[in-house]
Amino acid sequence: MLKLEGLSKTYKTGDAALSDVTLTIPKGQIVGLIGPSGAGKSTLIRCINRLVEPTAGKVLLGDINLARLGKTELRRQRRRIGMIFQEYALVERLTVMENVLSGRLGYVPFWRSFLRRYPGRDVQQAYRLLDRVGLMHQADKRADALSGGQRQRVGIARALAQEPELLLVDEPTASLDPKTSRQIMRLLTEVCAERDLPAIVNIHDVPLAQQFMQRIIGLRAGSVVFDGAPSELTESVLTTIYGAEDWHAMRRGDEEQSEAEADARDRMAALAE
Ligand SMILES: Nc1ncnc2c1ncn2[C@@H]1O[C@H](COP(=O)(O)OP(=O)(O)OP(=O)(O)O)[C@@H](O)[C@H]1O
């Protein structure tokens, strides 16, 4: 279970990016974090594993307050948190298998990782994970030979190889097309459910969040302005989160996108006739 208590962050520049955020995420719950640009979504995610140092507040993972830890203990505790990134953050020249195994780096002694000699148990687990994310036959391919969707599957397998207790997911589908985005979101929600794993997903795409998340947290100017079920995300709630102009502009953007897609489909269909 993750508990944030009074979490705040003011950057050196004076930007108050997070103000007094308090929330609890129970085991197995997958939470979508939405809000306009600059609302503090990335800051919130990064304060949890202290890629960004919180200015105040507690980050309780189980009964350990991550916000209070010194460097060595923080490094150990970070193993409990898996991260998935928008741009995948794979080592491009390494194979898919080696990328997944790198999720074990926090556990194996340095010499083993340096020689790339992982324990047999880790290798077997990595194969199982590759199978689960549908990449069994790509294990020996270099990461730079994969499509965006396949790369994100490697990112998911790598995070799971860590055997985390929490997943932090930063815009996992922002670089993917709509169909691949849905496949990735489906995979993410399934693997979390299978492991009773809680996740916080920073997600720009509101309809995608509504379709896949169990709970939505809306941030605006560093504060939580909505916390509820996807079905409660009404027009007026979205206006509170995004502001009237932004929300209408976003919706118009979606409509234009759908029209463009329908138009492209019609053209393809005409060509195929
Ligand atoms: N390293 C930094 N130094 C100073 N200010 C920062 C830094 N990172 C973020 N901020 C500021 O903190 C606020 C929150 O930014 P953050 O990136 O967390 O928002 P976000 O909701 O993730 O936005 P986006 O959706 O555009 O990624 C913004 O006002 C931003 O300008």
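**Entry 1: the ligand shell**

I started with the residue classes around the ligand: three nonpolar, seven polar and two charged residues make up the shell. Next I listed the members, and they are Y11, T13, D15, A17, G35, S37, G38, A39, G40, K41, S42 and T43. Which element gives the most to this shell? I found helix α1, residues 41–48, with three residues.

**Entry 2: how far to trust it**

A reminder to myself that this is a predicted model. I looked up the confidence of the chain: the pLDDT averages 88, and 87% of the residues score at least 70. Where is confidence lowest, and where is it highest? Helix α4 (residues 110–114) has the lowest, at a mean of 59, while β1 has the highest, at 97. For the complex, I noted an ipTM of 0.97 and a pTM of 0.87 from the predictor.

**Entry 3: the chain overall**

I counted ten helices and ten strands in the chain. Of its 273 residues, 36% count as buried. I also checked the contacts with a separation of 6 or more, and residues 24 or more positions apart account for 69% of them.

**Entry 4: the four-stranded sheet**

Here I read the strand order as β2-β1-β4-β5, in an open sheet with antiparallel pairing. β2 (16–25) and β5 (64–65) are at the edges with a single partner strand each, so each has one side without a neighbour in the sheet. Then I asked what packs on this sheet, and found α1 touching β1 (2–10), β2 and β4. The direction of α1 makes about 60° with that of β2. That is the helix I had already met at the ligand, where α1 gives the most to the shell.

I also followed one edge pairing: strand β4 (residues 56–61) and β5 run antiparallel and are joined by two bridges. L60 has N65 in β5 as its bridge partner.

**Entry 5: the six-stranded sheet**

The other sheet I looked at is open too, with mixed pairing and the order β6-β7-β8-β3-β9-β10. Its edge strands are β6 (81–84) and β10, and each pairs on one side only. From one strand to the next the twist averages 20°.

In which sense do β7 and strand β8 (residues 199–202) pair, parallel or antiparallel? I found them parallel, over four bridges, and L168 has I200 in β8 as its bridge partner. Helix α6 packs on this sheet, touching β6 and β7, and its direction makes about 170° with that of β6.

At the β10 edge I checked the antiparallel pair of strand β9 (residues 215–220) and strand β10 (residues 223–228), joined by five bridges. I216 is partnered there with G228 in β10. The hairpin of β9 and β10 has two residues between the strands, and A221 takes a positive phi near 45°.

**Entry 6: two more positive phi values**

Most residues other than glycine have a negative phi, so I made a note of the exceptions I came across. R50 has a positive phi near 60° and lies in the loop between α1 and β4. Is R50 buried or exposed? R50 is partly exposed, because 17 other C-beta atoms lie within 10 Å, and buried would take 20 or more.

E163 is my other case, with a positive phi near 50°. I located E163 in the loop between α6 (148–161) and β7 (166–170). With 15 other C-beta atoms within 10 Å, E163 is partly exposed as well.

Methods
Residues are numbered from 1 along each chain as its sequence is written. This is a predicted model: local features need pLDDT of at least 70, side-chain atom pairs count only at pLDDT 80 or more; totals for chains, interfaces and linings use all residues. A residue is near a molecule or strand if its C-beta atom, placed from the backbone, lies within 6 Å of it. Ala, Val, Leu, Ile, Met, Phe, Trp, Tyr, Cys and Pro count as nonpolar, Asp, Glu, Lys and Arg as charged, and the others, Gly among them, as polar. Two strands pair if DSSP finds at least two bridges between them. Two residues are in contact if their C-beta atoms, placed from the backbone, lie within 7 Å. Axes are lines fitted to C-alpha atoms, for helices over the stretch in contact, and angles run from 0 to 180 degrees between N-to-C directions. pLDDT is the predictor's confidence in each residue, from 0 to 100. A residue is buried if 20 or more other C-beta atoms lie within 10 Å of its own, exposed if 12 or fewer, and partly exposed in between; C-beta atoms are placed from the backbone.
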